[in-house]
Amino acid sequence: MISVSGLSKRYGYRLVLRDLDLRVGRGEIVALLGPNGAGKSTLLRILATLSHPTFGQVEIAGLSLPIHAASARGLLGYLGHQPLLYEDLTAEQNLHFFARLYLIPRARKRVDELLDLVGLESRRTEQARAFSRGMQQRLGIARAILHKPKILLLDEPHSGLDKSGAEMMDKLLRETAKKGNTILFATHDQHRALALAKRIEVLAGGSLVSLGRKLSVAQLSAQYDRAQRANG
Amino acid sequence: MALKSLDRKPRSLSALDIFSFLLVSAATYLALVYAPTESVMGPVQRIFYFHASAGWVGMVAFIAAAVASLIYLIRPNKKWDVFAVAAVEVGLVYSFINIATGSIWARPIWNTWWTWDPRLVTATVMELVYFAYLLLRQGIEDPERRARFGAIYALLGSASVPLTYMSIRIWRTIHPVVIGSGSPSAQGDFDMTSTMVFTLLFSFVAFTVLGTTVLWHRIRLGWLGERVEELRYKAIGF
Amino acid sequence: MVNYFSALFSILRKDLAVEWRSRQLLTAMLVFSVLIILIFNFALELDARLRAEVSAGVLWATFAFAGTLGLNRSMAIEKEHSSLDGLLLAPVDRSAIYFGKTTANTVFILVVELFTLPIYAVLYNVNLFTPGFLIVIILGSWAYSAIGTLLAAMAAQARNRELLLPVLLFPVLIPVLVAAVRASTGILDGLEMVYIWPSLNIIIAYGLIMPVLGYMFFDLIVKD
């Protein structure tokens, strides 16, 4: 579903991603690990069509970017560091706006369903401004999956969430993948990465090192450090 | 790398330096001594040769900047951006000379330093557009975005400048049209003798060569600036 | 096509809804407009004779200044929490975002004009509500928003954004302002249409060229 080859991204003279390759198949959950500033967010933004690669090919569900970006966007769900909401609008208004933008049929029903899923149905008429970080994150995930995307790109999806929120997120990710959808998420939490993902990719020195799943946390830690040293 | 060749000043550029100096000196002689004194306006008319030449170079430089910007948007290559900035800066200086000399001429002829004539306003607005262009570039850190936004703004500006001229033109103009047909209400119109025509054409050539030389220097400066940024990044990492 | 217009209108509707929640922007623009008119009143000592000649100029200068508040704010709400990314993720051509925001900005400035014009008309006892005058107001406001929205999107990504917008906007805005003032003055003076058409044509040309450039360039402005 996601196919990246020879991807490089440069900001000025700084090379953030260097000749990076990545393949993520249907129904796969892949965790993206790496230190701050390694380029995890940049990679996710490029896949989400929000940023352009300097070199290299990116394909989303067989659609190559940037030529088919507009159609690819319909298949993508993205949640970044910001929930991408309008603070002046209520939870409900926010979702209805995005539902119209994505031309979602029977939007009212879908919005109700999502508010219920993320546990915000009782606060639906409150302005997003009044929400805590965790509640904004819940609303953000509802926005990201509103149009039932085939591919989910999540940048630290658990940040700001309380225990029940994080459990909701885990359950959601597992169910989404079970339906045959693809998930790529960046995280700093090695336990969670092991628990959720089938494969772990470590971003170091601008390119990826692929790690299997059947690892203990200690093994992952050791391999992670080794990858950092080798590439950094 | 291509940047290496920048270290030494090209010999042809040095030759061009000397050549433009000689041409401009000769043009100065032609304008101040060789050309006859205009019978109605007197000596002040002599400023016209440099006034028109500077205006010409400024205009060509701005058009060149717009063309380079357009090419940059179609095919983003840093060289077009370096060229566009250089052309804009050269254009700003020459247009300023054009406006200043025009003002000096206008004082005795129109009896005022300034009037809100379409040509004068358009020239001034063009200066402002390209000053804004430089300010915009200053505010943007990412070099690619800076180049892209600069190119877009240069094109927006070049779409609006002709409209500025037309919008003011609708009211009558008093600026003389020396080349081509003049309007009956123009003040300071005059007929050119053949020596005047020669002087004018010579000034055009001299200023064009001088402008090209300055542009070349500015492009070299642009590349050297790029080099500094690159080296600084390599040395200290940002 | 359906997608395109549906996206355009949902963005317009969203901008209006955001503003309707707080009404901060419209209030600020309106108060600012009235203040500018007051300042002009004392700066120019608008007496009965002068007033007829300068009314159009005073009004257009007022709208141009007050309008920058709206343009800045319109992009600020998108940049504040990277909300613009949310729009950029939508599966539509990105120029739909540009036209949505341009339309919203046109509506805002028209609302401000809708309140300012009667106030001016009462204060100075001029009749501004003729069809010709209103057409110039509408066309001019559209042309203003078309270029303003584009430049606000650029300025929003610069370090000195609030400072930059007027500096970028006014030099390229001059043809519309000159033409709008001339056309409005002509209409208020009761001139025949023959004298007004040239200015009107410039507003129309500008109001067509700038949206076309916006359509071409907006994606290049918002792309990272």
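## Strands 6 and 7 of chain A

In this predicted model, Leu76(A) stands opposite Ile151(A) in strand 7 of chain A. Strand 7 (residues 151–155) runs parallel to strand 6 of chain A, and four bridges join the two. Strands (E, at least two residues) and helices (H or I, at least four residues) are DSSP runs, numbered from the N terminus. Two strands pair if DSSP finds at least two bridges between them.

## The sheet and its helices

Strands 6 and 7 belong to an open sheet of six strands in chain A, with the order 6-7-8-3-9-10 and mixed pairing. Its edge strands, which pair on one side only, are strand 6 (76–79) and strand 10 (207–211). The twist averages 20° from one strand to the next; angles run from 0 to 180 degrees between N-to-C directions, and axes are lines fitted to C-alpha atoms, for helices over the stretch in contact.

Helix 1 (residues 40–47) of chain A packs on the sheet and touches strands 3, 7, 8 and 9; its direction makes about 150° with that of strand 7. Residues are in contact if their C-beta atoms, placed from the backbone, lie within 7 Å. Helix 6 (residues 163–178) of chain A lies across strands 3, 7 and 8, at about 145° to strand 8.

## Two helices in chain C

In chain C, the axes of helix 5 (residues 95–124) and helix 8 (residues 193–222) come within 8 Å and cross at roughly 115°. Residues of helix 5, including Tyr98(C), meet residues of helix 8, including Phe218(C).

## Basis of the model

Residues are numbered from 1 along each chain as its sequence is written, while chains are lettered from A and ligands numbered from 1 in the order in which they are written. Local features need pLDDT of at least 70, side-chain atom pairs count only at pLDDT 80 or more, and totals for chains, interfaces and linings use all residues.

Technical notes: Contact = placed C-beta atoms within 7 Å.
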